[in-house]
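Subject: A structure for you to look at

Hi,

I'm passing this one over to you, since you haven't worked with it yet. Have a look at it first, and then read my notes below.

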Amino acid sequence: VSIAGREWAFAAFFAVIVLAFALAWRAARRGSSSESFFVAGRRIGAKMNALALLGEMSAASIMGTAALAFSYGFDALYSVLGVVGGWALILILLAERLRAKGNRTLGDVLSARFEGSGVRLLLAVSALGVAIPHTFSQFVAAGVLVKGLFGLSYESGVIIFGVLTAVCVILGGMLGTTWIQIVKALLLISCLAVILVLTLASYHFDLATIFASAAAVHPAGEAVLRPGLLMHGPFDALSFVLTMGLGAAGLPHILSRYFTVPDPRQARQSAALALSGVVLINWAVVLMGFAAIGLIAGRSGYALEGIQLVGGENMAFLHLAHYLAGDVFFGLLCGVVLMTVLAAVSAVVLSAATTLIVDFYRAVVQPAGKASDVLLSRIAIALVCLIAGIFALLSRQSNIGLLAAIAHAFAASVNFPLLVLTLYWPGLTRRGALLGGAVGFITALGALILGPLVWCDMLGFAAPIFPNHYPTLVSVPAAFLAAWLGSVRARDARALDF
Amino acid sequence: MIGVAKRDVLCAALVLLVVVAVGLAPMLLPGFARARIAGVPVSILVVFLATVGVLLLSLSLAPRASSAPNRGQRGEGSR
C-alpha cells in the first residue's frame, strides 16, 4: 500500500470509529427498554431490515468469495449456490414463521412448543457454538487487517476492535447495531457498484473476454472455468454447498433480525429484498474475482508470482480496487471493509449475549432474578468480547477457515433441523427434538475433529478419518433422522398444540 | 389444493434439488462443463440461471394470508 493510500485508509478507519460511536450513542438516547435493546422496538421496516440483513455479510464472505474465484475459478460458484439457496430457504421456510412464533431468540420458538428448558438449552449451546468461533474469527480478521493496512500491531487491531464492538453494542443494543449495519450495507453496495462498473469497463463490457483472459493468465488454464481446482469430487462439492446454505439458514444472528420488524408480512418482505441483494452482490463479487485474474495476476506490486498475491489470496478484492480506482478509493474501501467487520461482529456478539441471558440464565439459572435483562446482557456482551478478544490475542495463527466451518456446521446441523421440524412437523415431540439436536451437535463435532481441519492440520495426522472439511452432508441427515426416530418412538411428552 | 405449509416445504425441497443438481452437473458431465455460448462457459451460465430461478421462485410465493399470530408485539417480553 502506498503512503497516500495508507493515509486515506487511516482517515477512513478513524471516520468509521467516529460514525459507529455516533450511531450507538444516538440509539442509546432513544431509550434502553428491553424491547428497544433486544429487538430495536420491533419498529424496523422491511426495506431497512433488508439492508441490515445485507449488513450481516461479513468482510470474510465478500473478500473470501472474490478470493475463491481468483484462485479456484469455477469452484467459487459453489459458495454462491449454497449462499443463495440458504437465503432462499430463510425466505420460504423461516422468516415469516419465526416472526410469528418467536420473541427475542430462536429458543423462544422452541419453548413456545415444548415444556421444560432442555430443548431451549440445547439450542442455546448450539447458538454459542456458532457465536464464539464467529466472534473470535472476526477479531482475528480485524487484527490481521489493521496490521496489514495500517502497519499497527496485530494486538492493537484486536484490542481496538474488541473495545469498539463492546462499547457500540452495550450502548446501542439492537437498534444501534441495525443502524451500523444499514450504513455499512449502503457504503459497501456503493463501493461494489463502482468497482463492478470499472471492472466491466476495463474489459469493454464483454463477459467472454473476462473468462478468456482468466483462462489465458491462470496457471490452471481452461481448468479454471471448470470445477475441480478446490473441490475434489461430488461429495466435496455437495458438502460445501450444503454447509454454506443450511449454515446460513441456521445462523442465530441472521435469523434474530426477523424479530425486529413489526409483523410477519414485513419479515417476509425483508427476506425477499435481502435475497435479491444477496444474489446481486455474490455475482458481482464472483465476476470481480474472475476479472482480477486477468488484471492483477502476475502484475508487479500486486502479485509475487502468477496468482500468488501480496498479502495472500484474500487481498484479491482490495488489490483489484486499488488497481482500478487508485489510492483514494482504496483508502475509503479499507474503511468500509473495517466497518463491515464491525457490523458483522456486533450482530454476533449481541445474539450471543441475548442467548446467554434469555435462553440460559433466565431459563435455567435464575428465572425470577430481579436484575434487568438489559443490564445482564450488557455484562454478557462485555464478557463475550473479552473472552473472544483474549482467544484472538493468544492464538493469532488461528485457522479462520476452521472457525467458519465450526460456526456453519453447528448452525446447519442443530439450529436448522430443529427450527424447520418445530415449525413444520406437528409430530415432533420434545424427546425427538432433544435427540435430533444432540445427534446433530455430536455428529458435527465428531466429524470436525476427525476431519482434515483438526485431525491433520492441528493434530498432525497424515490422513483424516472423516474425509471431508465439512460434516454437513452426514450431520444434517443424522439430525433429521434422529428427531424422527425419537418422535415416532416417544410414548410420553407429546408436543403441545402449536 | 395443498396447504401453505406443504407448499413451502415442497418449494424448499425444489430449491435444494436445483442447487444440488446444478452443483453436480458440471462435475458429472465433463462435456457440459466445456461447452460455451458466445464465449461464456455454459456451466457458469447454468449456475447463474439457477440462482436467478431460485430467486424468482422464492419471490413468487405469496405470503401466508393470515400471517399467523403475532408474538412479541408491544410489551411482551419486556422486563
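Here is what I found, going from the contact between the chains to a few single residues.

One thing to keep in mind throughout: this is a predicted model.

Let's start where the two chains meet. Chain A puts 57 residues into the contact, and chain B puts in 50 residues. Together they bury about 4400 Å², with 65% of that on carbon and sulfur atoms. If you want residues to click on, try Leu81(A), Ile92(A) and Trp283(A): they account for 14% of the area that chain A buries against chain B, more than any other three residues.

What about charges across the interface? The rule finds 1 salt bridge between chain A and chain B. Its partners are the side chains of Glu222(A) and Arg36(B), at 2.5 Å from N to O. As for polar contacts between the two chains, the count is 3 residue pairs, both residues being at pLDDT 80 or more.

Which helices of chain A each bring at least two residues to the side that touches chain B? They are H2 (34-39), H5 (76-101), H9 (207-217), H10 (234-248) and H12 (264-296). H5(A) gives the largest share of that side, with 16 residues. Sorted by type, the chain A residues on that side come to 34 nonpolar, 7 polar and 16 charged.

Chain B itself is quick to describe. It has 3 helices and 2 strands, and along the sequence they run α-α-β-β-α. Of its 79 residues, 35% are buried.

Next, the inside. The largest nonpolar core has 195 residues, and the ones touching the most other members are Trp87(A), Phe290(A) and Phe317(A). Helix H13 of chain A (residues 316-365) supplies the largest share of this core, 23 residues. Phe290(A) is worth a closer look: setting aside neighbours within four places in sequence, its contacts include Phe74(A), Ile210(A), Phe211(A) and Val224(A) in chain A, and also Ile44(B) in chain B.

Gly73(A) is another contact of Phe290(A). Gly73(A) sits in the loop between helix H4 (59-72) and H5 of chain A. Is Gly73(A) buried or exposed? It counts as buried because its relative accessible area is 0%, and the cut-off for buried is under 20%. Not counting residues up to four places away in sequence, Gly73(A) touches Leu68(A), Val224(A) and Phe290(A). Its C-alpha atom is 14 Å from that of His232(A), and the two residues are 159 residues apart along the chain.

Moving into helix H5 of chain A, you'll find Gly86(A). Gly86(A) has 0% relative accessibility, so it counts as buried. Beyond its neighbours within four places in sequence, Gly86(A) is in contact with Gly245(A) and Ala249(A). Measure from Gly86(A) to Leu251(A), C-alpha to C-alpha, and you should get 10 Å, although 165 residues separate them in sequence.

Last stop: Thr472(A), in helix H18 of chain A (residues 472-488). Why does Thr472(A) count as buried? Because its relative accessibility is 0%. Leaving out neighbours within four places in sequence, its contacts are Ser239(A), Leu242(A), Thr243(A), Ala412(A) and Pro477(A).

That's everything from my side.

Cheers

Technical notes
Residues numbered from 1 in each chain as written. Chains lettered and ligands numbered in written order. Predicted model: local features only at pLDDT ≥ 70, side-chain atom pairs only at ≥ 80, totals over all residues. Heavy atoms only, no water. Contact = heavy atoms within 4.5 Å. Buried area = accessible area lost by both parts, 1.4 Å probe. Salt bridge = Lys/Arg side-chain N within 4 Å of Asp/Glu carboxyl O. Polar contact = N/O pair within 3.5 Å; in protein donor to acceptor, adjacent residues only side chain to side chain. Helix = DSSP H or I, 4+ residues; strand = E, 2+ residues; numbered from the N terminus. Nonpolar A, V, L, I, M, F, W, Y, C, P; charged D, E, K, R; others polar. Buried < 20%, exposed > 50% of the residue type's maximum accessible area, 1.4 Å probe, protein only. Core = buried A, V, L, I, M, F, W, Y, C linked by side-chain atoms within 4.5 Å.
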